[in-house]
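Reader: Please show me the sequence and the structure, and then take me through them in questions and answers.

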Amino acid sequence: MRQPNECHNGHGYAGGSATTPMRDWWPCRRGGHLVIRCRMCPDVQVEPPVGADCDAHDHRAGGG
Ligand SMILES: [Zn+2]
Ligand SMILES: [Zn+2]
């Protein structure tokens, strides 16, 4: 899977624990998405991007 090595603001993800991003996982019917949260800013990246036909966004809406 393709993974970014820096956030949208240019903060590198490589290096020690201080810069290693927090990773989360959103399961979905299409296999799931890797969620990468930058430690130095509120930037969040989702790989692969959530599409219109994906149900991963439902997790944020609290749907069931
Ligand atoms: Zn950042
Ligand atoms: Zn999905």
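Author: A residue is called buried if 20 or more other C-beta atoms lie within 10 Å of its own, exposed if 12 or fewer do, and partly exposed in between, with C-beta atoms placed from the backbone. This is a predicted model, in which local features need pLDDT of at least 70, side-chain atom pairs count only at pLDDT 80 or more, and totals for chains, interfaces and linings use all residues. Residues are numbered from 1 along each chain as its sequence is written, while chains are lettered from A and ligands numbered from 1 in the order in which they are written.

Reader: What percentage of the residues in the protein chain is buried?

Author: The protein chain has 64 residues. Strand 1 is hardly covered, with zero buried residues among its five. For the protein chain, the buried share is 8%.

Reader: In what order do the elements of the protein chain run from the N terminus?

Author: Helices (H or I, at least four residues) and strands (E, at least two) are DSSP runs, numbered from the N terminus. The protein chain has one helix and three strands. From the N terminus on, the order is β-β-β-α.

Reader: Which element has the highest mean pLDDT, and which the lowest?

Author: The predictor's confidence in each residue is its pLDDT, from 0 to 100. The protein chain averages 84, and 84% of the residues score at least 70. Among the elements, the highest mean, 94, belongs to strand 2, and the lowest, 53, to helix 1.

Reader: Which strands stand at the edges of the sheet, and why is one side of each left without a neighbour?

Author: The three strands form an open sheet in the order 1-2-3, with antiparallel pairing; two strands pair if DSSP finds at least two bridges between them. Each edge strand has a single partner strand, so one side of it has no neighbour in the sheet. The edge strands are strand 1 (22-26) and strand 3 (44-47).

Reader: How many bridges join strand 1 and strand 2?

Author: These two strands form a hairpin with six residues between them, and Gly31 in the turn has a positive phi of about 120 degrees. Asp24 has Val35 of strand 2 as its bridge partner, and Trp26 has His33. The antiparallel pairing of strand 1 and strand 2 runs over five bridges.

Reader: Which residue of strand 3 stands opposite Val35?

Author: Strand 2 (residues 33-37) pairs with strand 3 in the antiparallel sense over four bridges. A hairpin joins them, with six residues between the strands. Ile36 has Gln45 in strand 3 as its bridge partner, and opposite Val35 stands Val46.

Reader: Is the peptide bond from Glu47 to Pro48 cis or trans?

Author: Most peptide bonds are trans. Glu47 is in strand 3, and Pro48 lies in the loop between strand 3 and helix 1. With omega near -10 degrees, the bond from Glu47 to Pro48 is cis.

Reader: Is Glu47 buried, partly exposed or exposed?

Author: The C-alpha atoms of Glu47 and Gly32 are 8.8 Å apart, with their positions 15 residues apart in sequence counted as separation. Glu47 has 13 C-beta neighbours inside 10 Å, so this residue counts as partly exposed.

Reader: Which residues is Ala56 in contact with, leaving aside its neighbours within four places in sequence?

Author: Ala56 is in the loop between strand 3 and helix 1 (58-61). Because Ala56 has 19 C-beta neighbours inside 10 Å, it counts as partly exposed. Its C-alpha atom is 6.4 Å from that of Pro27, 29 residues apart along the chain. Two residues are in contact if their C-beta atoms, placed from the backbone, lie within 7 Å, and for Ala56 these partners are Trp26, Cys28, His33 and Val50.
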